[in-house]
Amino acid sequence: MGSSAKRKKEKKQDFQKPKLKVGKTKPKAANFTSTSFKAKSIVLTQSTLSTTAPSLDAQILHNVSLFKSKSDSQRKDALAFITNAIMEHRKGFPYQVGEIFKEACKLLLDRSDGVRNELLKLLTQLPAVEVTIHIAEPLLRIRAGMTSLAKGIRFTSYDALIWLLKSNGEEVVSSVGTWVKYLQSFQSAFAFHAKDPAIATNTSGWSTLPSSVQPIGSNDSKVLMKQIQALESFLRAGLIQTGEDSEVLAAQSAARSFPLWHTEYHTMPTRSKPFARLNLFGPPRSAEDEMYDDVDERRRVFAELGLYRTFAHGIKTLRKQGGEVGRAASQVEKVLAEGMVDWDEDKEYEVAF
Amino acid sequence: MGKRKVGALEKVDADLPNLQHKIRRDPLSYQDDFSNQWNQYRSLIDVYLQSPSTSDDASIVSLRELIDFVSHVADCYPRVASGFADDLKNLLASHHADLESELRDKVVGSLVLIRKKEIIDSATLLTTLFPLLLTTASKSLRVLLFQKILSELRTANSKSTNHRLNRQVQTLLYDLLASDPTSPKGIWAVKLTRELWKRQIWSDTKAVEIMKEAALSQNEKVVCGGVRFFLGGDKEREEAAEESSDEEDTVDMAKLKHQAGISKKTKKKAADLKKAAATVKRKERKKKAPHPLNFSALHLLNDPQGFAEKLFFQHLYPQHPKVRLNLEQKLLVLQLVSRLVGLHKLTLIQLYSYFLKFLTPRQPSVTSFLASLAQATHNLVPPDALEPLVQKVANEFVSEAAAAEVASAGLNAIREICVRQPLAMNETLLQDLVMYRKSKDKGTMMAAKGLVSLYREVGAELLKKRDRGKEAALGLRSGALKERRFGESEEGGIEGLDLLEKFKEEERQRKRDEKGLPEDDDNDEALRIAEEEQEEVEGWKNWDAEDDDSDDSGGWINVESDGEDINISDSDDEKPPPAKKLRTSSSPTSKNGEANDEKKQPPATPDPTNASQRVAEVSKLATTRILTPADLAKLNELRTQASIQSHLPAARRKQLQLAAQAAASRHADDAITAETISGLAALSSKATREEKIAHARGLKPGEQREKHQSTTAMRKAKKEAEGKSTTNKEKARKKNFLMTLGKAKKKGKRSLVETRKVLRGHLERQKRGGKRGNKG
């Protein structure tokens with residue numbers, strides 16, 4: 001309600017009808033938005049018309065570059081294209097699969113679910129040998145994803161980890177800084193608490209539930225199941241000796257290339273970062289960052305850092321929950337028992353690092 | 001996937017700010033969530049460190065968010081997040097060049113944040129940030145770092161001075177300047193020190209030492225920074241202090257109280273009022289607090305002679321100095337050197353011959369050179385060094401052929417030099433220059449007149465007889481006005497002490513007359529001493545009454561009463577001898593007659609023949625007894641009285657005296673600028689009409705009047721701004737029209753009787769002085 005003359009005038013203006021005159025264009029509304037645009041030429045990407053379609057090589061290159069695109073759907077489509085291309089041209093694939101793998105791994109922490117699902121499809125199509133060399137790339141990101149706040153990312157990360165363990169299990173657990181740090185991440189994700197006096201005494205607050213009952217995202221048993229599954233395969237890869245002893249293997253390979261001596265040292269390495277163990281340029285490593293490429297070493301660290309006891313206790317509690325989770329947990333327990341069968345908990349081991 | 005019911009907690013869990021908020025409320029329950037995020041942060045840092053330059057956007061964004069999150073809650077989990085500070089420090093130290101800018105700023109901000117949460121101490125923070133400030137190529141980062149460093153130092157010194165940290169940082173800055181004098185990085189030391197000096201956080205010798213080192217460095221920017229600090233740093237500090245004290249008076253307590261009485265009373269409003277009262281009180285206390293002793297940077301200098309010499313021989317004297325300074329920068333350095341020389345009365349003989357080649361009217365900004373020359377002059381400069389300079393100025397600037405501005409500037413410069421060292425002038429030159437008194441140009445004439453009046457005081461015999469004036473001629477004849485020799489300094493004395501003594505003598509005489517005692521007696525000696533003591537005790541008693549009542553603490557009063565006792569005992573011990581001495585000095589042969597003669601002398605007539613004797617007497621009075629506060633008060637009164645009386649007859653003389661006072665009151669710390677030298681030239685040309693109008697309006701040149709308003713409106717606005725109420729007339733004028741309608745309607749229908757009643761009532765009310773009257 002305007003009282004002043006000015007307000008009244010303003011109000012009056014609102015209700016005044018614009019006078020329309022013959023032969024004149026209609027006046028524009030106050031909220032009129034101009035949608036016209038000027039362009040000298042419209043450039044269409046990929047509109048080159050050539051008699052031959054672009055080569056597969058060029059298409060792959062283009063699609064790999066689209067991995068960094070801002071739009072979700074474009075990234076997803078690019079991944080799908082690459083997957084199809086690999087499936088179709090399994091023999092003569094013109095591009096380094098390792099490079100594609102490296103680029104694709106950056107999408108492990110992608111915010112869009114669709115992209116991540118597509119990525120998992122791509123990963124399953126990759127040959128294990130190509131992955132081995134670039135294994136450091138996904139490992140860090142998977143570990144970051146395992147404790148992410150977003151459920152979808154966690155889910156993808158566990159999926160990717162399971163796949164990676166399936167294809168390159170030994171390589172995963174024996175690369176730099178993986179074994180201990182992954183175990184710690186699992187511990188934190190499951191909310192297993194070590195028998196730590198500081199935490200044990202601190203739990204006087206009424207809001208603290210028994211921790212192993214409520215791991216992260218507890219109301220989603222799907223993620224929990226994935227998590228347990230991933231842990232199982234991780235422990236299996238790390239604690240249980242697969243295949244022959246390394247000495248036996250070495251002897252076999254020597255026998256195969258008999259007249260030649262130490263051939264493997266003169267060929268291209270098949271592992272990623274073959275000299276990482278020497279740690280030539282980095283800062284001195286702590287126990288967490290060290291690489292453990294021997295089963296016995298891994299077992300020793302597993303026990304010595306108190307992780308064995310923590311995991312055994314936590315898994316037992318999980319198994320008691322019963323149902324699907326309990327069944328999966330009992331699988332893990334089995335692996336633990338198998339892996340640490342000849343391990344004497346009370347025995348003192350000298351600290352080697 | 002079908003729709004599933006999600007708990008409220010799960011829905012919002014996905015954002016870090018929410019988790020952060022929850023953690024802050026209950027850190028214990030969210031320990032697991034924190035350790036999850038911590039792990040994620042660690043792995044993302046690893047991802048980043050793997051290829052710092054080629055990281056993708058998404059991981060950088062999430063890393064930034066995680067760093068923000070962890071820095072906000074790190075204080076809740078000191079054990080888990082123990083490596084956080086080191087992570088950030090390393091990240092910044094080794095990757096600041098290729099960190100994405102937003103992430104980099106976040107890292108800096110987080111470091112400051114965890115400093116606020118006292119996870120790291122200030123020294124760690126500053127030693128992390130400061131090296132970055134020097135090395136980084138990014139301007140935005142430098143700005144950010146500078147601001148953070150400054151605010152950190154301010155907060156560290158806010159409650160009490162953090163001497164340890166200050167010393168650490170000052171040493172860091174000093175080393176920066178001293179280690180590599182040629183590098184331009186020293187500018188940061190200069191900037192930081194100047195800013196902290198301005199805010200009065202650093203006001204000690206160490207800060208001045210830093211600036212001294214800067215002024216002697218070998219990079220022109222650093223040199224200029226250092227020199228400018230010495231020339232303008234103190235003024236800047238004063239201005240900043242004034243500004244901050246101006247800002248403070250924003251809370252109007254009376255208004256707040258009034259509002260609190262009217263508006264709804266809530267707890268919040270009561271708390272607000274209390275808070276406002278507390279701030280007002282704090283400000284009041286701050287205002288009453290003793291003024292901090294702020295020594296000017298020039299006074300805090302250690303070894304000013306060495307500094308001035310180094311400055312001069314490094315930057316000015318050599319033909320090809322290590323640092324190439326342009327004219328403006330050279331002038332700055334010259335100003336500083338001359339300021340130092342003038343202020344501390346240093347001896348730097350080469351400086352004067354250096355000036356010689358610049359003293360021509362064609363030299364750009366020659367007035368600045370002249371001002372510097374005047375500034376570098378003091379009474380201990382050998383006249384031989386100055387004489388050629390004065391001669392050159394006179395030859396180059398002051399001639400009939402020269403432009404009016406040039407001549408007046410030259411004369412003014414000569415005057416400024418001669419104020420400080422009168423011996424720099426010789427007779428023929430002075431008499432030549434004095435002739436310009438008759439110049440048609442007003443500026444030149446005034447400058448020449450200034451020179452005459454100066455030499456009437458300090459060296460009248462150099463002037464021709466007819467130029468000396470009455471007072472100087474009399475002084476010369478009586479011998480009171482003597483030329484001061486080189487190196488001679490004025491004797492210290494208390495102005496008006498002779499007046500005080502005369503007054504005391506008169507008082508004593510008056511008392512005697514009242515009591516009916518004979519004029520003066522030998523056997524009265526004891527009585528007289530007793531009288532004196534009595535007087536002195538009285539004088540000390542007045543101490544409290546004369547003191548202003550500014551301090552209200554009881555402790556002070558006690559101390560003073562103690563002091564009183566001590567003084568009385570002192571006077572008991574020492575009084576008799578001075579009294580005797582007084583007598584003996586005034587009348588060596590026949591005490592009776594001589595003393596009487598002296599007392600009968602009229603007080604106001606000066607007696608030049610007796611002067612030396614009187615001087616001796618006076619000095620005794622001051623040295624043999626302690627002047628009581630009452631004495632001092634009387635002394636002051638007598639002094640002003642005497643000066644007023646001496647001014648009374650001649651208005652012209654008074655004006656001259658005032659001008660001299662103004663010149664003398666210019667503090668020794670104040671610099672002479674080019675404006676002082678060229679100021680009189682403004683008199684030469686007539687002001688334009690616009691200038692006159694502006695002057696009449698009280699506006700400075702170049703300033704515009706902001707708004708056209710009637711005088712009434714301006715007055716009204718002023719009144720309103722002062723918070724004063726309106727008059728009844730104004731209220732009546734503003735009264736709503738509808739409210740007046742009823743009365744107007746009724747007015748027309750009144751009967752004669754009613755009208756009469758109203759009119760009578762009006763008259764009566766006027767007599768009474770309004771409705772309520774003027775009583776009480």
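Colleague: Which helix of chain B holds Arg104(B)?
Modeller: This is a predicted model, so everything here is read from predicted coordinates. In it, the place of Arg104(B) is within residues 101-116 of chain B, and that stretch is helix α6.

Colleague: Is Arg104(B) buried or exposed?
Modeller: Let's check its relative accessibility, which is 5%. The cut-off for buried is under 20%. So Arg104(B) counts as buried.

Colleague: And what is Arg104(B) in contact with, leaving aside its neighbours within four places in sequence?
Modeller: Sequence neighbours are skipped here, and what remains is a list of residues on both sides of it in numbering. Arg104(B) is in contact with Leu92(B), His96(B), Leu99(B), Ser138(B), Ser140(B) and Leu141(B).

Colleague: Let's move to Phe355(B). Is it buried or exposed?
Modeller: Phe355(B) is found in helix α17 of chain B. Its relative accessibility is 0%, and therefore Phe355(B) counts as buried.

Colleague: How many Å separate the C-alpha atoms of Phe355(B) and Leu373(B)?
Modeller: Along the sequence, Phe355(B) and Leu373(B) are 18 residues apart. Leu373(B) also turns up among the contacts of Phe355(B), along with Leu334(B), Phe369(B), Ser372(B), Ala376(B) and Leu389(B). From C-alpha to C-alpha, the distance between Phe355(B) and Leu373(B) is 7.2 Å.

Colleague: Where does Leu389(B) lie?
Modeller: We just met Leu389(B) as a contact of Phe355(B). With a relative accessible area of 1%, Leu389(B) is buried. Its contacts beyond four places in sequence are Tyr352(B), Phe355(B), Leu356(B), Leu359(B) and Leu373(B). As for its own place, residues 383-397 of chain B form the helix in which Leu389(B) lies, and that is α19.

Colleague: How many Å are there between the C-alpha atoms of Leu389(B) and Ala424(B)?
Modeller: Along the chain, Leu389(B) and Ala424(B) are 35 residues apart. In space, their C-alpha atoms are separated by 8.9 Å.

Colleague: How do α2(B) and α4(B) run, roughly parallel or roughly antiparallel?
Modeller: Helix α2 covers residues 16-25 of chain B and helix α4 covers residues 57-73. They pack with their axes 10 Å apart, at an angle of about 10°. Angles under 35 degrees count as roughly parallel. That makes α2(B) and α4(B) roughly parallel.

Colleague: How many nonpolar residues are in the contact of α2(B) with α4(B)?
Modeller: From α2(B) come Leu16(B), Leu19(B), Gln20(B), Ile23(B) and Arg24(B), and they meet Glu65(B), Leu66(B), Phe69(B), His72(B) and Val73(B) in α4(B). Of the residues in this contact, 2 are polar and 2 are charged, and the number of nonpolar ones is 6.

Colleague: Which helix gives the most to the largest nonpolar core?
Modeller: That core has 146 residues, and Tyr41(B), Phe84(B), Phe230(B) and Ile414(B) have the most contacts inside it. The top helix gives 9 residues and spans residues 327-344 of chain B, namely α16.

Colleague: How many residues are in the other core that lies apart from it?
Modeller: Look at chain A for some of its members, among them Leu66(A), Ile82(A), Leu126(A) and Met225(A). In general, nonpolar side chains tend to be buried together in soluble globular proteins. The size of this other core is 70 residues.

Colleague: What does Tyr41(B) touch, leaving aside its neighbours within four places in sequence?
Modeller: Tyr41(B) is among the residues with the most contacts inside the largest nonpolar core. Its contacts include one charged residue type, Asp87(B). The full list is Leu63(B), Leu66(B), Ile67(B), Val70(B), Phe84(B), Asp87(B) and Leu88(B).

Colleague: Is Ala191(A) buried or exposed?
Modeller: Ala191(A) has its place in the loop between α9 and α10 of chain A. Its phi is near 60°, a positive value in a residue other than glycine. At 3% relative accessibility, Ala191(A) counts as buried.

Colleague: What is the relative accessible area of Ser365(B)?
Modeller: Ser365(B) also has a positive phi, near 45°. Its place is in the loop between α17 and α18 of chain B. Ser365(B) is partly exposed, with a relative accessible area of 33%.

Colleague: How many helices does chain A have?
Modeller: Chain A has 353 residues, and buried ones make up 39% of them. There are 0 strands in its secondary structure, and the helices come to 15.

How values were computed. Residues numbered from 1 in each chain as written. Chains lettered and ligands numbered in written order. Predicted model: local features only at pLDDT ≥ 70, side-chain atom pairs only at ≥ 80, totals over all residues. Heavy atoms only, no water. Axes fitted to C-alpha atoms, helices over the stretch in contact; angles between N-to-C directions. Helix = DSSP H or I, 4+ residues; strand = E, 2+ residues; numbered from the N terminus. Parallel < 35°, antiparallel > 145°, perpendicular 65-115°, else oblique. Contact = heavy atoms within 4.5 Å. Core = buried A, V, L, I, M, F, W, Y, C linked by side-chain atoms within 4.5 Å. Buried < 20%, exposed > 50% of the residue type's maximum accessible area, 1.4 Å probe, protein only.
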